[in-house]
Amino acid sequence: MIRMSFSSKNLYDTCPAWFEYKYIKKELGFEDPRHTLLGNTLDTYFDWFYKFNLHSANWKDRLEDDVDYALEMNTEKIPKEDYREFIDNTRNKCLELIPLDVAFLKANGILAPRVYTQYDLEYVYDHPKKSFPIRFLGRADFVLMHNPDDVRIYDGKASKYRHRNVHPEQLKLYALLFYLKHHVVVSQLGFIYWSFPQRPIDYLYVEGEDFPRLLDSCFQTAEKILDKDFKANPAGHCYICPYNGRCKPGQEFRHKSKKSLPVIENDFMLEDFNGN
Ligand code: SF4
């Protein structure tokens with residue numbers, strides 16, 4: 001059965017060849033761990049924050065220890081000595097941001113009695129007009145249930161670029177899966193930007209046509225995957241593709257655009273090359 005998450009669908013829609021390298025051939029590519037360290041560490045911290053009810057404990061006193069432990073978990077596969085300065089900077093950033101983010105969560109009532117973290121949204125959907133089902137996979141960062149009819153889903157983002165890797169369709173797919181699983185329409189969706197505590201949230205809402213449109217789009221992508229349509233789509237994203245060293249169309253694109261392969265630094269942005 002075909003399995004689909006938002007990120008796998010989004011990757012296929014960006015470049016089918018990249019999708020094939022990653023999900024079909026399962027080839028390893030170089031991915032700089034610095035790209036995700038801050039986001040993963042904050043995700044780990046706030047997962048504990050809710051799971052262990054830290055907001056009712058003295059979270060400030062234990063903050064440094066908790067951040068160190070979260071960093072330790074997220075740097076297990078990193079040669080720490082090579083990245084020491086970056087890890088230390090990430091630690092300082094976490095210690096600076098978390099108190100501001102907690103104040104925001106409190107001020108906006110995002111400390112509801114029932115908050116579920118990493119909420120599993122896996123669901124098998126059998127489309128009445130299609131000959132195959134899709135096993136959807138997804139984990140929502142936070143699901144808040146103020147009451148059974150007031151459910152909200154939030155996703156945390158930790159890039160220093162506010163809208164990097166932010167796709168409204170991701171949260172709308174989570175809302176769709178929540179609806180399919182529980183027959184409850186999510187009342188609010190939001191992206192929380194941990195690095196922007198002064199302007200930390202964008203809200204969005206589901207509209208009537210969103211669910212059928214999303215399902216159609218997912219099944220269209222699934223049909224192409226089943227047809228083994230993995231044609232390369234060279235564009236600006238080739239500069240951050242972990243497989244660009246072995247992909248001929250990607251190499252040709254980069255050669256033609258007369259840009260040498262940049263060293264991937266932490267502040268490297270896909271948008272720089274898309275001209276967005
Ligand atoms: S280098 Fe470009 S064209 Fe090749 S797989 Fe990666 S993103 Fe696709």
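**Questions on a predicted model**

Colleague: Which description fits His-167: buried, exposed or partly exposed?
Modeller: Around His-167 there are 14 other C-beta atoms within 10 Å. A residue is buried if 20 or more other C-beta atoms, placed from the backbone, lie within 10 Å of its own, exposed if 12 or fewer, and in between it is partly exposed. His-167 is therefore partly exposed.

Colleague: What kind of model is this?
Modeller: Residues are numbered from 1 along each chain as its sequence is written. Local features need pLDDT of at least 70, side-chain atom pairs count only at pLDDT 80 or more, and totals for chains, interfaces and linings use all residues, in what is a predicted model.

Colleague: How far apart are the end C-alpha atoms of helix H3?
Modeller: Helices (H or I, at least four residues) and strands (E, at least two) are DSSP runs, numbered from the N terminus. The expected span is 1.5 Å times one less than the number of residues, so the 15 residues of H3, 37-51, should span 21 Å. The distance in the model agrees, at 21 Å.

Colleague: Which strands do the buried residues of H3 pack against?
Modeller: The buried residues of H3 include Leu-37, Phe-46 and Tyr-50. Contact requires C-beta atoms, placed from the backbone, within 7 Å. Besides helices H4 and H5, the buried residues of H3 pack against strands E2, E5 and E6.

Colleague: Which loop holds His-167?
Modeller: Strand E6 covers 150-157 and helix H6 covers 168-182. His-167 is found in the loop between E6 and H6.

Note on methods. Two residues are in contact if their C-beta atoms, placed from the backbone, lie within 7 Å.
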